[in-house]
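Visitor: I am new to this structure and would like to look closely at a single part of it. Could you choose one place, describe what surrounds it, and then lead me from there to the rest?

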Amino acid sequence: MDSEHDGLRYEWLIELAEGDRGGDQRITTLVDLAGRASMVGDDALATDFLRASALRCWNLAPGRPVGKQVIAAADRLAVVDAPTRAQLLAYCSPFDSDPEIRDLIAHVPAAARDTTTSYRLAHAAACAGASDVSEGLLTDAAKRLRADGHLHTLGRTLSLLAWSALRRGNWSYAVAAAEESTRLCAETRQPFWEASSLVAHAVVAAFRDRPR
C-alpha cells in the first residue's frame, strides 16, 4: 500500500466483502480502524467503520458490553452526525437509549431529511422499539426510496414498517407492507428480510384469527 490511508481503504473493502463475520474481536478492530481513519482526516471512512462495528453489535446481540466501546469511540472521535449517532445507539445500546434516540430524531430538521437520513432515523427508531416514531419515519423513507428507485433498501424498509405497524395494531397497513417487502426482498435476493416479512405477515394473521 502507498499510504496509511490506502491501507485503511483496503481494510474497508475487506469489511464489505466479509459481511458480518467475527465477534467482539472484530468489533474492537473496527473501532481501532475508525480511530486511525480519523487520524488521517477521513471522517467519512471513520464513520463507516463505526457504523459497521455497531451493526455487528446489533446482529450478534444488542446491549453487549462491547457496544459501549463503539459509543465511546464515537464520542471521542466526534465524527458522527445526529442521524448516525441515533443509529449507533440503537444498534449498540437499544435498551437504555430510547430517550436520547428520540431526542436526536426530533432535532433533525425536515429540510435535512434526505433519503439516506430518513432511512437511518427510521431504522434507529425501529431498532430501539419506538414504534410510535418509527412508523411515520419508515413510511416517509419508503416513499423516498420508491421515488428514487432504491428497491434493495426499500424491501428492508417495508419489512421494518410491517413490524412497526403490527406493534401499533395497524393490521392492514402491516400486511400491505409485509406483502410488498416479501416480493421485493425475493427479487433482490435478501433472504433474511424476506423471512422477516413473512413472519410479520404470519403474526398479523395469527392475531386476526385469535378468538376474542
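Guide: Two residues are in contact when heavy atoms of theirs lie within 4.5 Å, and with that in mind we can begin at Ser181. What you see is a predicted model, in which local features need a pLDDT of at least 70 and side-chain atom pairs count only at pLDDT 80 or more, while totals for chains, interfaces and linings use all residues. Residues are numbered from 1 along each chain as its sequence is written, and side-chain values use heavy atoms, with hydrogens and water left out.

Ser181 belongs to helix α10, which spans residues 171–187; helices here are DSSP runs (H or I, at least four residues), numbered from the N terminus. Its relative accessibility is 0%, so Ser181 counts as buried, a word that stands for under 20% relative accessible area, whereas exposed stands for over 50% and partly exposed for what lies in between (1.4 Å probe, protein chains only). Once the neighbours within four places in sequence are set aside, the contacts of Ser181 are Gly155, Leu158, Ser159, Trp193 and Ser197.

Helix α11, formed by residues 191–209, holds Phe192. At 60% relative accessibility, Phe192 is exposed, in contrast to Ser181, which is buried. Although Phe192 and Arg156 stand 36 residues apart along the chain, their C-alpha atoms are separated by 9.3 Å.

A second buried residue leads us to other helices. Arg56 sits in helix α3 (residues 43–60), and it counts as buried because its relative accessible area is 2%. Its side chain makes a polar contact of 2.8 Å with the side chain of Glu15, where a polar contact is a pair of N or O atoms within 3.5 Å, one able to donate a hydrogen and the other to accept it, with residues adjacent in sequence counted only if both atoms are side-chain atoms.

Glu15 lies in helix α1 (residues 4–18), where it joins His5, Leu8, Arg9, Glu11 and Trp12 in meeting Leu45, Asp48, Phe49, Ala52 and Arg56 of α3. The axes of α1 and α3 are 11 Å apart and set at an angle of about 30°, so the two helices are roughly parallel. Such axes are lines fitted to C-alpha atoms over the stretch in contact, with angles from 0 to 180 degrees between N-to-C directions, and under 35 degrees counts as roughly parallel, over 145 as roughly antiparallel, 65 to 115 as roughly perpendicular and the rest as oblique.

Helix α3 also packs with helix α2 (residues 24–39), their axes being 7 Å apart at an angle of about 165°, which means that α2 is roughly antiparallel to α3. On the α2 side this contact includes Ile27, Leu30, Val31 and Leu33, and on the α3 side Phe49, Leu50, Arg56 and Leu60 are among the residues they meet.

One further pair completes the tour. Helix α5 (residues 82–92) and helix α7 (residues 115–127) bring their axes within 8 Å and cross at roughly 25°, and they are therefore roughly parallel to each other. Here Pro83, Thr84, Ala86, Gln87, Ala90 and Tyr91 of α5 meet Thr117, Arg120, Leu121, His123, Ala124 and Cys127 of α7.
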